[in-house]
Amino acid sequence: LASPPRAVNVDLQTDATLQVDISDALSERDKVKFTVHTKSTLPNFKQNEFSVVRQHEEFIWLHDSFVENEDYAGYIIPPAPPRPDFDASREKLQKLGEGEGSMTKEEFTKMKQELEAEYLAIFKKTVAMHEVFLCRVAAHPVLRKDLNFHVFLEYNQDLSVRGKNKKEKLEDFFKNVVKSADGVLVAGVKDVDDFFEHEKTFLLEYHNRVKDASAKSDKMIRSHKSAADDINRIASSLYTLGTQDSTDLCKYESLLKLLTFLCFKIEARVAADEDLKLADLLKYYLRESQAAKDLLYRRSRALVDYENANKALDKARAKNRDVLQAETSQQLCCHKFEKISESAKQELIDFKTRRVAAFRKNLVELAELELKHAKGNLQLLQSCLGVLKGNT
Amino acid sequence: MADSTKDPPPGCADLQELEDAEELFPEPALTVKTEPSASEPASLPAEDISTNSNGPKQDLLFDEDPEDLFAEATEEVSLDSPERDLLLSDGPSPAITPITPPTSVITPCIGHAHDDMFTHSSFDEIEEEEGGDLFDMNISVSDPEKVGDGMNAYMAYKVTTKTSMSVFKRTEFSVKRRFSDFLGLHSKLASKYLHVGYIVPPAPEKSIVGMTKVKVGKEDQSSNEFVEKRRSALERYLMRTVKHPVLLKDPDVLQFLESSDLPRAVSTQALSSAGLLRMVNKAADAVNKMTIKMNESDAWFEEKQQHFENLDVQLRKLHASVESLVCHRKELSVNTAQFAKSAAMLGNSEDHTALSRALSQLAEVEEKIDQLHQDQANADFYLFSELLGDYVRLITAVKGVFDHRMKTWQKWQDSQMLLQKKREAEAKLQFTNKPDKLQQAKDEIKELEGKVQQGERDFEQISKTIRKEVSRFEKDRVKDFKTIIIKYLESLVQTQQQLIKYWEAFLPEAKAIS
């Protein structure tokens with residue numbers, strides 16, 4: 001699989017000191033193997049260029065290690081790539097295989113081709129998602145130095161990260177429940193800092209709207225694909241119709257078939273464009289905005305801890321007991337809070353910049369693609385019309 | 001990833017191939033195959049010559065020259081077909097026989113051999129006449145209005161005919177008709193022409209549910225859609241009927257189009273006794289069909305029957321796919337509208353001004369695209385889905401006509417068998433001394449002989465008619481589909497042009513995001 005073009009969804013600075021991409025990928029029955037390729041002038045690595053093979057679980061491990069690292073509390077952790085999901089596509093292919101007897105060879109071949117193309121598209125997308133994650137990490141001034149990241153890139157053995165077992169998954173679940181309850185609590189606390197107050201309000205609303213837009217765009221694209229599938233079926237029917245008629249009508253029917261393929265192409269292309277430029281963009285920013293929210297949550301948590309530490313210090317001073325301990329604790333909380341606030345501010349500004357740039361890029365590309373296809377289709381349709389009308 | 005979409009299957013959407021596709025629309029070949037020459041006149045007993053006094057005007061001037069009769073002969077009539085002998089009898093030409101038979105007569109041809117020839121020739125003649133008096137007719141069905149209230153209410157449609165054809169008294173006229181009138185017309189035409197091999201276009205289907213909604217007075221979108229669907233179907237039905245050169249001249253058709261008063265067709269109600277009787281007859285027919293084993297001597301019929309069976313299956317499948325497409329497109333329209341709203345909301349909450357504006361613009365574009373989807377769905381439906389539905393029903397009529405041929409054959413065979421039996425009985429009677437019984441037997445035999453000969457003639461007649469009809473049907477089918485495809489392509493062209501407009505307006509907004 002040739003390396004897909006980078007920067008599908010996000011606008012990233014390319015930095016010669018560390019470049020990461022996924023140069024190859026292999027889809028096996030129940031897993032995907034990504035070949036992570038690194039080019040670096042950094043002294044940390046033994047070589048300047050090297051590759052390792054990684055699976056999805058190892059990406060998750062890396063992401064989780066960032067999330068759990070207290071030092072990174074003040075950064076937006078790049079969202080983890082979604083799990084490769086070929087189930088739907090596999091199911092369709094299986095159904096097709098089962099129904100092979102009920103359709104003509106032509107129909108079967110065509111449907112198979114379409115499903116294989118769909119499978120390939122999903123595959124390419126999952127590769128891109130995993131790649132974007134790595135690139136985000138590599139572009140981040142702090143995260144790129146992370147030791148786990150270097151191990152991930154360089155260690156050419158299996159990292160042996162098993163997926164979380166039931167107990168751990170349950171722990172995660174409860175952590176999230178607590179977090180969201182906390183989140184509600186914390187969101188109620190008005191921030192002194194205008195910048196963060198604004199960001200909080202903005203992100204909460206934005207995140208929900210992106211979620212809605214993402215869901216609606218998915219629905220729209222699914223309908224589009226259904227319509228395209230129908231047209232595909234119609235084309236197959238017309239084909240069989242044509243081959244049974246007398247030769248005169250057969251020529252006519254083959255033109256019909258041509259036209260229907262054209263219609264299919266029109267629909268399928270539009271659906272694919274929308275999918276790439278719009279749906280993927282929205283999905284990605286859904287995840288990023290969640291990561292930004294998480295940052296804000298961590299900051300709020302730190303603020304609450306700081307405020308609690310202040311209260312505890314006051315109490316200790318009043319009682320004149322464990323004052324030193326309280327002071328140290330308060331200083332730590334203060335320091336943590338300030339550190340997070342400082343980096344968070346920059347992160348959120350960067351987030352906005354990235355977001356605006358990504359939207360701009362994708363909207364422009366969407367419009368350009370739609371125009372290109374519409375113009376192409378128009379030309380083709382007009383030629384068809386010319387042929388048909390000229391023949392009367 | 002953006003541009004690596006799959007290449008289209010080879011050979012399609014290729015401009016070059018389109019340019020080579022100039023020959024894709026061949027004109028059906030009309031060759032003059034036979035050279036008429038005199039042969040023995042068939043001697044057949046004359047039947048009642050019931051002239052069609054209520055027929056159309058005698059504008060059909062019969063051409064004395066027999067050679068012109070075959071100007072429109074198609075390849076289908078083989079040189080050695082038995083029909084030819086009938087056609088080539090050179091008896092004196094009687095006065096014009098208009099094509100419309102009275103309902104009581106079985107065959108459209110009136111009377112004896114010469115009339116047979118002239119009927120065929122009259123059919124050819126009509127076609128030739130068509131060449132002189134070109135088919136120029138446009139019927140529109142419009143202005144549906146509800147008449148009456150409650151369950152007795154009905155929709156009245158205005159039927160407007162615009163024509164320059166000589167068979168009509170005026171060039172433009174309109175009448176008010178209701179749905180059962182159309183059904184009545186079809187019923188009459190079917191009873192006159194189906195059993196002699198003419199493909200009578202079927203009437204639009206009844207819909208109790210649809211009509212009830214209208215009667216009850218539901219003024220919502222679905223009942224409006226129903227009325228529009230029906231109006232369009234009625235229009236197509238009438239146009240198909242008048243395009244048939246024989247049906248056009250039928251007095252019932254003319255009366256339907258021209259006269260302001262029409263006796264109400266009562267036996268068309270779905271739940272009437274007549275309706276039930278029809279259903280029972282249909283079932284009986286189906287059973288009979290299974291039991292007739294015809295010795296098909298003519299491979300053409302066998303081949304064509306198979307062809308129509310296949311066509312039936314394929315068209316039904318296609319129809320189902322198109323209906324599914326219409327459904328998904330409507331869904332798409334709904335989902336696009338929802339997405340548009342969602343994008344607008346997103347734009348509202350976006351705090352970067354230029355991006356916010358661009359997202360709102362995107363929402364507007366998507367809203368407009370939603371409208372395009374709706375229009376496209378309508379085109380899909382009205383152009384394709386309905387056309388396919390019409391053809392599925394037409395094919396049923398075609399198959400019916402083939403079935404009638406089988407029944408005609410059966411009738412002929414039955415007469416023959418009966419004749420055989422009578423002859424045997426007569427032979428036996430020869431040895432008895434019952435002169436009056438013998439005479440009776442001889443009379444019966446004479447009558448049966450006539451019946452057998454008539455049966456054979458009927459069979460050959462229907463066979464010939466069917467050949468003509470099938471060729472005409474296929475020609476029309478190609479024309480119909482071609483017209484629809486052109487219309488559909490034109491609607492697609494429009495859609496693409498609109499899309500270009502919308503995205504071109506949007507692009508600078510997207511680029512303006514800084």
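**Exercise 1. Determine how β1(A) and β2(A) are joined in this predicted model, and place the pair in its sheet.**

Solution. Begin with the pairing itself: β1(A) and β2(A) run antiparallel and are joined by nine bridges. Within this ladder, Gln19(A) stands opposite Lys39(A) of β2(A). Next, consider the connection, where four residues lie between β1(A) and β2(A), and the two strands form a hairpin. The third strand is then added through β2(A), residues 32-40, which is linked to β3(A) by seven bridges, again in the antiparallel sense. One of the bridge partners here is Phe50(A) in β3(A), which pairs with Thr38(A). Put together, the strands of chain A form an open sheet of three with the order β1-β2-β3 and antiparallel pairing. The edges are β1(A), residues 18-27, and β3(A), residues 49-55, each of which pairs on one side only. If direction is ignored, neighbouring strands of this sheet are turned by 25° against each other on average.

**Exercise 2. Identify the strands of chain A that helix α1(A) lies across, and do likewise for helix α3(A).**

Solution. Take α1(A) as the starting point: this helix, residues 56-68, lies across β1, β2 and β3 of chain A, and runs at about 100° to β3(A). Turn then to α3(A), residues 105-139, which lies across β1 and β2 of chain A and makes an angle of about 155° with β1(A).

**Exercise 3. Work out the relative direction of α1(A) and α4(A), and describe the residues through which they meet.**

Solution. The axes of α1(A) and α4(A), the latter spanning residues 147-154, come within 10 Å and cross at roughly 170°. Because angles over 145 degrees count as roughly antiparallel, α1(A) is roughly antiparallel to α4(A). The crossing in which α1(A) passes α4(A) is left-handed. On the side of α1(A), the residues are Glu58(A), Phe59(A), Trp61(A), Leu62(A), Ser65(A) and Phe66(A), and they meet Asn148(A), Phe149(A) and Phe152(A) in α4(A). Sorted by class, the contact of α1(A) with α4(A) comprises six nonpolar, two polar and one charged residues.

**Exercise 4. Reconstruct the sheet of chain B and the helices that pack on it.**

Solution. The sheet is open and consists of three strands of chain B in the order β1-β2-β3, with antiparallel pairing. Its edge strands are β1(B), residues 137-147, and β3(B), residues 172-178, each pairing on one side only. From one strand to the next, the twist averages 20°. Looking at one pair in detail, β2(B), residues 154-163, and β3(B) are antiparallel and share seven bridges, and Thr161(B) stands opposite Phe173(B) in β3(B). Helix α4(B) lies across β2 and β3 of chain B at about 100° to β3(B). Helix α6(B) also packs on the sheet, where it touches β1 and β2 of chain B and its direction makes about 150° with that of β1(B).

**Exercise 5. Analyse how α4(B) packs against α6(B) and against α8(B).**

Solution. First, α4(B), residues 179-193, and α6(B), residues 221-243, pack at an angle of about 30° with their axes 12 Å apart. Since angles under 35 degrees count as roughly parallel, α4(B) and α6(B) are roughly parallel to each other. Their crossing is left-handed. The contact involves Phe179(B), Phe182(B), Leu185(B), His186(B) and Leu189(B) of α4(B), together with Arg230(B), Leu234(B), Tyr237(B), Leu238(B) and Thr241(B) of α6(B). By class, these are seven nonpolar, two polar and one charged residues.

Second, the axes of α4(B) and α8(B), residues 251-258, come within 10 Å and cross at roughly 165°, and α4(B) and α8(B) are therefore roughly antiparallel to each other. This crossing is left-handed. Here α4(B) contributes Asp181(B), Phe182(B), Leu185(B), Lys188(B), Leu189(B) and Lys192(B), while α8(B) contributes Pro251(B), Asp252(B), Val253(B) and Phe256(B). The residues of this contact divide into six nonpolar, no polar and four charged.

**Exercise 6. Compare the UniProt annotation of residues 299-326 of chain A with the secondary structure of that span.**

Solution. According to the unreviewed UniProt entry, residues 299-326 of chain A are annotated as "coiled-coil region". In the model, the span is 89% helix and 0% strand, and its end C-alpha atoms lie 21 Å apart.

Note on methods:
Residues numbered from 1 in each chain as written. Chains lettered and ligands numbered in written order. Predicted model: local features only at pLDDT ≥ 70, side-chain atom pairs only at ≥ 80, totals over all residues. Heavy atoms only, no water. Axes fitted to C-alpha atoms, helices over the stretch in contact; angles between N-to-C directions. Parallel < 35°, antiparallel > 145°, perpendicular 65-115°, else oblique. Left-handed = near helix turned anticlockwise from the far one by under 90°. Contact = heavy atoms within 4.5 Å. Nonpolar A, V, L, I, M, F, W, Y, C, P; charged D, E, K, R; others polar. Pairing = 2+ DSSP bridges. UniProt positions renumbered as here; feature names shortened; annotations may be inferred.
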